[in-house]
Amino acid sequence: VRRGRWAGWGQGQGQGSGSGSGSARSQPLEPSLLHFLVCPLSKRPLRYEEATNELINEELGIAYPIIDGIPNMIPEAARTTRKKPPAEGSKQA
């Protein structure tokens, strides 16, 4: 059996004991990833919210979930963090 460099990826290797007990959703984001990740909609940096384990785009008012330590950056998977987006002409001069 030929094994490539990604063999075992997603099987919990190097991720502690993690034997599928349901706590996988709470695995935090690897801090070094935050330097490379941007919102796919606005292309702006994201803020990591440890309490909810999400990546937050304050400008658009959306939060991307982190599942098993992997950010789900699909816009349809994001939840809204505020009720209404700011109005177009609401910028203060």
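1. Let me start with a close pair. R47 and E49 form a salt bridge, and their closest N and O atoms are 2.5 Å apart. Where do these two stand on the scale from buried to exposed? R47 has 35% relative accessibility, so it counts as partly exposed. E49 comes out at 25%, so it is partly exposed as well. Keep in mind throughout that this is a predicted model.

2. Next, look at R79 and E54, whose side chains meet in a salt bridge at 2.8 Å, N to O. This pair ties together distant parts of the chain: R79 belongs to strand β5 (residues 79-80) and E54 to strand β2, with their positions 25 residues apart in the numbering. The two partners sit in unlike surroundings, as the accessibility values show: R79, at 39%, counts as partly exposed, whereas E54, at 8%, counts as buried. Shared partners also matter here in the wider picture, since salt bridges of that kind join R47, E49 and E58 into one network.

3. E54 deserves a second look. Why is E54 called buried? The cut-off for buried is under 20% relative accessible area, and E54 is at 8%, so it falls on the buried side. Its place is in strand β2. The side chain of E54 also makes a polar contact with the side chain of R79, again at 2.8 Å.

4. Which residues surround E54, if you set aside its neighbours within four places in sequence? E54 is in contact with R47, Y48, E49, A63, Y64, P65, I66 and R79. When you click through the model, R47 and E49 on that list are the salt-bridge pair from the opening point, and R79 is the salt-bridge partner of E54.

5. There is another salt bridge to find, between R44 and E59, where the closest N and O atoms are 4.0 Å apart. It too links distant parts of the chain: R44 lies in the segment before β1 (47-49), while E59 lies in the loop between β2 (54-57) and β3 (62-67), and the two are 15 residues apart. R44 counts as partly exposed because its relative accessibility is 46%. E59 is partly exposed too, at 47%. As general background, side chains of opposite charge can pair when their charged atoms come close. The full tally for the model is 4 salt bridges.

6. Now for the nonpolar side of things. How many residues make up the largest nonpolar core? There are 10 in all: L29, L37, C39, L46, L55, I62, Y64, I66, M73 and A78. Strand β3 gives the most to this core, with 3 residues. Two members, Y64 and I66, belong to the core and are also in contact with E54.

7. L37 is a handy core residue to inspect. Not counting residues up to four places away in sequence, L37 touches L29, P45, L46, L55 and P71. Of these, L29, L46 and L55 are listed in the core along with L37.

8. Finally, the overall view. The protein has 0 helices and 5 strands, so to speak a β-β-β-β-β run from the N terminus on, by the strand definition used. Of its 93 residues, 22% count as buried. Among contacts between residues at least 6 apart in sequence, 29% join residues at least 24 apart. The accessible surface comes to about 7600 Å², and 53% of that belongs to carbon and sulfur atoms.

Notes: Residues are numbered from 1 along each chain as its sequence is written. This is a predicted model: local features need pLDDT of at least 70, side-chain atom pairs count only at pLDDT 80 or more; totals for chains, interfaces and linings use all residues. Side-chain values use heavy atoms; hydrogens and water are left out. Helices (H or I, at least four residues) and strands (E, at least two) are DSSP runs, numbered from the N terminus. Buried means under 20% relative accessible area, exposed over 50%, partly exposed in between (1.4 Å probe, protein chains only). A polar contact is a pair of N or O atoms within 3.5 Å; within protein, one must be able to donate a hydrogen and the other to accept it, and residues adjacent in sequence count only if both atoms are side-chain atoms. Contact means heavy atoms within 4.5 Å. A nonpolar core is a set of buried Ala, Val, Leu, Ile, Met, Phe, Trp, Tyr and Cys residues joined through side-chain atoms within 4.5 Å. Accessible areas come from the Shrake-Rupley method with a 1.4 Å probe; for residues, only the protein chains shown count as cover.
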